[in-house]
Amino acid sequence: MATVLDSVRAFFAPSQTYTIDMETPADVVARETLLDRAMGTERRKKSSEKIRRNRLPAEGLALVARDGDGHLIGTVRLWNIEAGISPEGNPIEALLLGPLAVSADQEGKGIGGALMRAAIAEAYNRGHGAILLVGDAPYYERFGFFAEKTAHLVMPGPFQRDRFLALELKAGWLEGAAGMIVASGRKLA
């Protein structure tokens with residue numbers, strides 16, 4: 001009976017609309033507030049944050065979700081990195097995704113998934129070869145992220161190996177990749 005009532009409520013509930021858009025400078029305060037609420041201020045001590053510090057997101061790869069009134073309710077950014085070196089000794093250009101966050105009152109509505117799909121599609125359209133991230137494997141595996149391609153890569157500082165995942169946008173991009181993840185993107189002025 002509870003399932004039937006939930007279905008009826010969902011049918012008559014007003015639909016929540018949101019849009020995915022490029023982040024603007026006007027989004028900075030709302031984005032940082034959302035990230036602090038979703039992840040806590042300790043997020044700044046993570047290895048991924050060390051890579052992002054004093055850098056700008058990759059060109060065209062800072063996305064936000066907005067509700068029907070234009071308020072920021074979700075965010076994801078991708079950052080230029082070198083994912084170790086190839087067997088020939090050449091740096092491997094890639095992207096580091098994160099953080100991904102959705103406002104607590106908007107969770108469960110598919111916004112995080114929509115941000116992920118938009119970020120992956122935009123990275124692919126811009127010709128990037130791979131995306132790496134540190135996150136919950138059961139969530140990110142549905143987008144094609146797995147730990148196998150990061151087996152010989154390390155983050156600067158502590159990280160959990162089973163949460164260090166990658167998605168190749170170009171087949172074989174991370175083949176033989178080994179070494180330390182380092183920032184390679186544009187620096188803050």
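The largest nonpolar core of this predicted model has 26 residues, and those with the most contacts inside it are Leu 97, Met 116, Ile 120, Ile 131, Tyr 140 and Phe 145. Two or more residues apiece come from β2 (62–67), β3 (72–85), β4 (91–97), α4 (111–125), β6 (130–134), α5 (137–140) and β8 (164–168). Helix α4 gives the largest share of this core, with six residues.

Tyr 140 is a good place to start looking around. Leaving aside residues up to four places away in sequence, Tyr 140 touches Leu 100, Met 116, Leu 133, Gly 135, Phe 145 and Leu 165. There is also a second, separate core of 16 residues, with Ala 83, Ala 94, Leu 153 and Ile 181 among them.

**The chain as a whole**

It helps to step back for a moment. The protein chain has five helices and nine strands, and along the sequence they follow the pattern α-β-α-α-β-β-β-β-α-β-α-β-β-β. Of its 189 residues, 41% count as buried. Among contacts with a separation of 6 or more, 69% are between residues 24 or more positions apart. The accessible surface of the chain comes to about 10,300 Å², and carbon and sulfur atoms account for 55% of that area.

Part of the nonpolar surface can be pointed to directly: Val 154, Met 180 and Val 182 form a patch with about 200 Å² of accessible area together. Val 182 belongs to strand β9 (residues 178–183) and is partly exposed, because its relative accessibility is 34%.

**Around Thr 75 and Arg 31**

Is Thr 75, in strand β3, buried or exposed? Its relative accessibility is 1%, so Thr 75 counts as buried. Not counting residues up to four places away in sequence, Thr 75 touches Glu 23, Arg 31, Leu 34, Leu 35, Leu 63, Val 64, Pro 99, Leu 100, Ala 101 and Leu 115.

One of those neighbours, Arg 31, sits in helix α2 (residues 28–39). Arg 31 has a relative accessible area of 5% and is therefore buried. With the same allowance for sequence neighbours, Arg 31 touches Glu 23, Leu 72, Thr 75 and Arg 77. The side chains of Arg 31 and Glu 23 are joined by a polar contact of 2.7 Å. Both residues also belong to a network of salt bridges that links Glu 23, Arg 31, Glu 32 and Arg 77. Arg 31 and Val 102 are 71 residues apart along the chain, with their C-alpha atoms separated by 9.9 Å.

**Salt bridges**

Side chains of opposite charge can pair when their charged atoms come close. The count of salt bridges in this model comes to 11, and three of them are set out here.

| Pair | N to O distance |
|---|---|
| Arg 66 and Asp 21 | 3.5 Å |
| Arg 66 and Asp 27 | 2.8 Å |
| Glu 49 and Arg 52 | 3.2 Å |

Arg 66 appears in two of these rows, pairing with Asp 21 and with Asp 27. The pair with Asp 21 links distant parts of the chain, with Arg 66 in strand β2 and Asp 21 in strand β1 (residues 18–22), 45 residues apart. The pair with Asp 27 also links distant parts: Asp 27 lies in the loop between β1 and α2, 39 residues from Arg 66. How exposed are the partners? Arg 66 is buried because its relative accessible area is 12%, and Asp 27 is buried too, at 6%. Asp 21, at 37% relative accessibility, counts as partly exposed.

Glu 49 and Arg 52 are a local pair: they are three residues apart in helix α3, so about one helical turn separates them. Both count as buried, Glu 49 at 16% relative accessibility and Arg 52 at 9%.

**Two backbone details**

Most residues other than glycine have a negative phi, and most peptide bonds are trans. Which bond is cis in this model? The peptide bond from Gly 98 to Pro 99 is cis, with omega near -10°. Pro 99 is in the loop between β4 and β5 (101–102), and Thr 75 touches this proline.

Asn 54 is not a glycine, yet it has a positive phi of about 65°. Asn 54 is in the loop between α3 (47–52) and β2. With a relative accessibility of 52%, Asn 54 counts as exposed, because the cut-off for that class is over 50%.

Conventions. Residues numbered from 1 in each chain as written. Predicted model: local features only at pLDDT ≥ 70, side-chain atom pairs only at ≥ 80, totals over all residues. Heavy atoms only, no water. Core = buried A, V, L, I, M, F, W, Y, C linked by side-chain atoms within 4.5 Å. Buried < 20%, exposed > 50% of the residue type's maximum accessible area, 1.4 Å probe, protein only. Helix = DSSP H or I, 4+ residues; strand = E, 2+ residues; numbered from the N terminus. Contact = heavy atoms within 4.5 Å. Patch = residues over 30% accessible without salt bridge, like charges linked within 9 Å, V, L, I, M, F, W, Y side chains within 5 Å. Areas by Shrake-Rupley, 256 points an atom, 1.4 Å probe, with all protein chains shown as cover. Salt bridge = Lys/Arg side-chain N within 4 Å of Asp/Glu carboxyl O. Polar contact = N/O pair within 3.5 Å; in protein donor to acceptor, adjacent residues only side chain to side chain.
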